[in-house]
Amino acid sequence: MTSTPATGPARRWHAERAWLGAAGARHARQSWAVADDPSWVASDVLIEAVGERFGAVVVGVPASQVPAGTIRLPGLTLPGLANAHSHAFHRALRCLGPEAGDSFWSWREEMYRVAARLDPDTYYALARATFAEMALAGITCVGEFHYIHHNPDGTPYANPNEVGLRLIDAAEAAGLRITLLDACYLAAGFEANGQARPLTGAQLRFGDGDAAGWTARMAGFSCDAHGMVGPHARIGAAIHSARAVPPDQMPEVMAWSHHHGAPVHVHLSEQPLENAETRAAFGQTPAELLEDAGVLGPRSTMVHATHLTERDIELLGGSRSAVCMCPLTEADLADGVGPAPALAAAGCPLSLGTDGHSAIDIFQEGRWLELSQRLVTRKRGHFRGAHLAIAATASGHTCLGWPDAGEIMPGAYADLVTMSGDNPRVADARWGHPLSSVFFAATAADVRHVVASGRDIVRDGQHLLVGDVAGELVTNASPDGQPSGRFAAVAAAALVIEGDRIAWTGPAGHAPPADAVIDVHGRAVLPGFVDSHAHLVFAGERSAEFAARMAGQQYAAGGIRSTVAATRAAPDDQLRARLAAFASEMLRQGTTTFECKSGYGLTVGDEARSLAIAAEATSEVTYLGAHVVPVEYADDPAGYVQLVCGPMLEACAPHARWVDVFCERGAFDGDQARAILAAGRARGLRPRVHANQLGPGPGVAVAVEAGAASADHCTFLSDADIDALASSGTGPGTGTGSGTAADGTAGGRIAEGTVATLLPGAEFGTRQPYPDARRLLDAGVTVALATDCNPGSSYTSSMPFCIALAVRDMRMTTAEALWSATAGGARALRRADVGYLAPGARADLIVLDAPSHAYLAYRPGVPLVSDVWQAGQLSAAQDRSGPGTGPAAPRTRPRTRRR
C-alpha cells in the first residue's frame, strides 16, 4: 500500500463494490491474492485521496470499520470515464433526423451552419452545458477536438486562441479535465492532381493558412514542456483529416507534438469519399498517407477508422496507434461499422468517444461497439465487459495524455463513478459479471455519484457545479444573436443592459463590469413574451355567449357582429382607456410586445379610428376590415370586399403595418381573401391570415401563396396544409433558417416562411379541438403562441395561461411552448429585435418567481411573473411575499446587470 505526496486533508470513500481498473486490480491482487482476471470486482473497498490523487486503496474493509467521515458509495464504483472524442458544438445538432438530409454530407451542412454562428461567449455556454452533461454521465476527462478558431470571416480574435481558452474554462466550470486537441485544418479537400481546395464559408473559421501559421498560433497557449496549460488542462495536436491537411504540412504538426510530448488525434477514413479522393489525389489510402508523413505512432489516435483496408489495419497495429471508436455517431450519420475487433487484434488500443453527441453515454458507446459488430458478422462475443471498461477508462485517458488516470490505485487521479445497482435496467443482473451488466444493460442515467480529481462534481444524480434548472437564463438565441428556433438555457448567468439594448449575455463569472448590479437570487430570467395576435380595440362584452357555449351551443363567427355594434357606439376615449388597461394587464403578465387588430368597426371611419388608437399603444397594428361582413352588407358581400380593398384600405393603411383576413366559412372565402391581401400588399401592408379555425378550408393555402407572415389558428389542417407551411420556410424544427431582411429595428435577418400561430385560448373558450402542435413541430413548421385576446372566443390576455394550455393539451414541451411564446411570436411579426436575449436585442425580459421556465406550465394560474423590464426599464414589479419556491443555491444565482 502506497500513497502519493499531496497536501490537504484526506478524503475517504467506501465502495460497496468497485472495479479498480486493470492496473488497479493488479495492485489489489498483489495484496490480496485474488484471481488474475481484469474483470475482477472487489467488495468493501476503502479508497483514500489526498488532493487530486488517490493515496490508498484497501480491499475488504467491512462497513463497520470505516473511519468516521467516510462517504459511502452503494452500487458499483468504476474509475472515471474518458470521452476521447468530442466536438462540443455538435450538441446543438442533437435530435436532427430527416431535417439534416440522408447522409453525413448533408448533415455536415447543418453542422457548418451552427459553426458559423458561434462566438466565444455562446460557445462557452454551450460547451459548459455539454461538459456538465458529460459529468452527469460519469465522464471525468474529455478530449475536445477543436477547430473553430477564428471570426466567421477567418480573421483572428484579439487573442487568437480565445475560443480554445473558453473551451478550457467551460470544462473547468463543469469539473472535468480536458485535453484541447487543437486542429490544423487547411484545405477543403483535394483535386485529383493533389491541388488543395481553398476553405470557404464556415470553413474560413477553421484555417491558419498553413502549418507554420498553426504552430505560431499554438505558441500563444503558453503551455509547459508537457503541453499543460493548467492543473486540469493540457493541449494536444490534431490533424483534422487527410482531406483537410496537405501531406507536406503534417510533419510540422508532428514536430510540435514531439516537442511537447503531446497526443495527436486525426479523423481517419470516416467516409468512403475521403478514401476515394485521397487515392485520386495522392495514390494512397489516408492511413498510408499518414504513415508516410510520420503521423502514426503510440501517441497518435485515429478517430473513426471506419473504412480501412487490411493494409491500413496492419499499419495502425504495427505503429501501435490508438483508435477511438464512436459507434453511436457512426449509426446516427449512417457512416458504417469500423473493423474494431481486427484493430484490437492488430495491437491498437481502443477508446470511446461521443463525437456528435446524439447521446452522451459512454456505456452505450461501448455496448454498440459490440452490438454493431454482431449486426455485421452475425456473431456474438467480440468484446467482453472488461474490454469495454478498459476502453472507457484507462485507454481513453492514455490517448488523451493522462496515463495516470483510469484506474483506482495509489498515485492515479482520484476519479470515481458510482452506478446505481437498484434500477430496472440491472435489477436482474448477474452480479458475477458486473462489468457486462454495466456495459450491456446500464446507461448514463444510472450514474449517481462522480468524483473528478478528488472533488465531488455529481451527487445523487445532480451536478454540484452547474445548476440543474435553478437560476437559468433562457436566451432563445442562436449563437449569432438572432432567433434560432432552438431553445437555449444558461445557468448561473448574467446579462448587461446598456440603454434599451442588451449589450452582453453569458456566464456570470465572465460578465463585464457594470454601473449597477441586480441579483435575482436564483429566479429564472426569460425574454419578454411576444403576443402576435390580439383584438384589443372594442367595446362591450360577451359573457352570455361564453356561458351558452359552455352549456353546449356551438361556436360560430357571427357573434363578432354584437361587438361591432358596441364598438361603433363607443367614444374614442372609452376605446383608448380599455386598450390601455389591456396593455397594462399584458405587461404585468410578461408580454412586452403585442400586436393589435382592428375588425370591430367595419366602416371606413370606425376602422380608421380603431387603428389610430391601436397605433398609440403598439407599432404592430393590423388592418382587419375583413373580419366579417357587417349586417348592412349582408346581401352584398362583394360590395363589402370592394370597400375593404378600396376606400377603407386607403383610410386605414397609414395607421397599419399588416393586413389580415378571416378566411373561414361565415366570413371570407379563398378568392375574396386573395383579393384583400393583394390590395393590402399594393398599399405596403404585409399579409397575415385567420386560417382553418372552424374547419378545413383554404386559409393556410392562401396564406402561404401570399407569403403571409403567419397563418393563425390552424386548428383543422390537412397533410397538404402542413406540407405547405413546412416548405414555406427555410429552417428545420421550429424555424432555424434565414431569409430577407426583417422590418424590425434590429436590422437582422429572420426566416420568411409562414409561421403557424396557435391560439389555444380560443379552443379553451369555444370547446373546439386544440391544434395539433406536435404534428406541426415534427413536420418542421415554425410555431408561435398568442392569446387571441378578444371579447368573444378568447377573453384572456395571459401568455402564461396559453403556455400551460399548449403544454397540457397541445403536446408541446415546456421549452417549445416558451420558445413559441417569445421567439416564435417575434417570427410571426417578422421582428429580429425581440423574443430572445442576446447582444443587440431590445432589453425586454421577465423575472419569474420560480427557478425555471417549466413553472409556467407546472404551476398554472399562479402569478409567477415577478418583474418585467421593457426596453431596458423596469416597467412592472409584483409583490414577492408568496411561498415561492424556497431559497436558491447561491452558486446558481444569475445576475442581471444594468449599465
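In this predicted model, F206 is buried, with a relative accessible area of 0%, and the residue makes a useful starting point for a walk through the aromatic contacts. A search of the whole structure finds 18 aromatic pairs. One of these joins F206 to Y147, and because the two ring centres are 4.8 Å apart while the planes stand at 80°, the pair is edge-to-face. The contact bridges distant parts of the chain, since Y147 belongs to the loop between β6 (139-146) and α4 (162-174), whereas F206 belongs to the loop between β7 (177-184) and α5 (211-218), with 59 residues separating the two. Y147, at 4% relative accessibility, also counts as buried, the cut-off being under 20%. The two rings are not isolated, for ring pairs connect F89, Y112, Y123, Y147, Y185 and F206 into a cluster.

Aromatic rings also meet charged side chains. R177 lies over the face of W402, at 5.3 Å from the ring centre, and in another case the charged end of R688 is placed over the ring of W658, 4.4 Å from its centre.

From here the path leads to helix α12, which has 16 residues and reaches 23 Å from its first C-alpha to its last, close to the 22 Å expected at 1.5 Å a residue. At the start of the helix, a side-chain oxygen of D361 comes to within 3.1 Å of the backbone nitrogen of F363. Further along, α12 carries a kink of about 25° that is centred on W368, and after the helix comes R378, whose phi is positive, near 60°. The buried residues of α12 include I362, F363, G366, L369 and S372, and among them are also the charged residues E365, R367 and E370.

E370 deserves a closer look, because its relative accessible area is 0% and it is therefore buried. Side chains of opposite charge can pair when their charged atoms come close. The side chain of E370 meets that of R374 in a salt bridge of 2.7 Å, N to O, and because these residues are 4 apart within α12 (residues 362-377), about one helical turn separates them.

The search for such contacts over the whole structure finds 37 salt bridges. Another of them lies in helix α16 (residues 543-550), where E545 and R549 are 4 residues apart and so are separated by about one helical turn; their side chains meet at 2.8 Å, N to O. R549 counts as buried, at 3% relative accessibility.

A further salt bridge connects R775 with D719, the closest N and O atoms being 2.5 Å apart. This pair links distant parts of the chain, with R775 in helix α26 (residues 773-779) and D719 in helix α24 (residues 719-728), 56 residues apart. R775 counts as partly exposed at 30% relative accessibility, while D719 is exposed, with a relative accessible area of 54%. Elsewhere, salt bridges that share partners join E620, R657, R831 and D833 into one network.

The walk ends at helix α28 (residues 814-821), where 7 of the 8 residues are buried, so that the helix is largely enclosed by the rest of the structure. Its buried residues are A815, E816, A817, L818, W819, S820 and A821.

Terms used:
Residues numbered from 1 in each chain as written. Predicted model: local features only at pLDDT ≥ 70, side-chain atom pairs only at ≥ 80, totals over all residues. Heavy atoms only, no water. Phe/Tyr/Trp six-rings, centres within 6.5 Å; stacked < 30°, edge-to-face > 60°. Buried < 20%, exposed > 50% of the residue type's maximum accessible area, 1.4 Å probe, protein only. Lys NZ or Arg CZ within 6 Å of the ring centre and 35° of its normal. Salt bridge = Lys/Arg side-chain N within 4 Å of Asp/Glu carboxyl O. Expected span 1.5 Å × (residues − 1). Bend = angle between axes of the 7 residues up to and from the residue. Polar contact = N/O pair within 3.5 Å; in protein donor to acceptor, adjacent residues only side chain to side chain.
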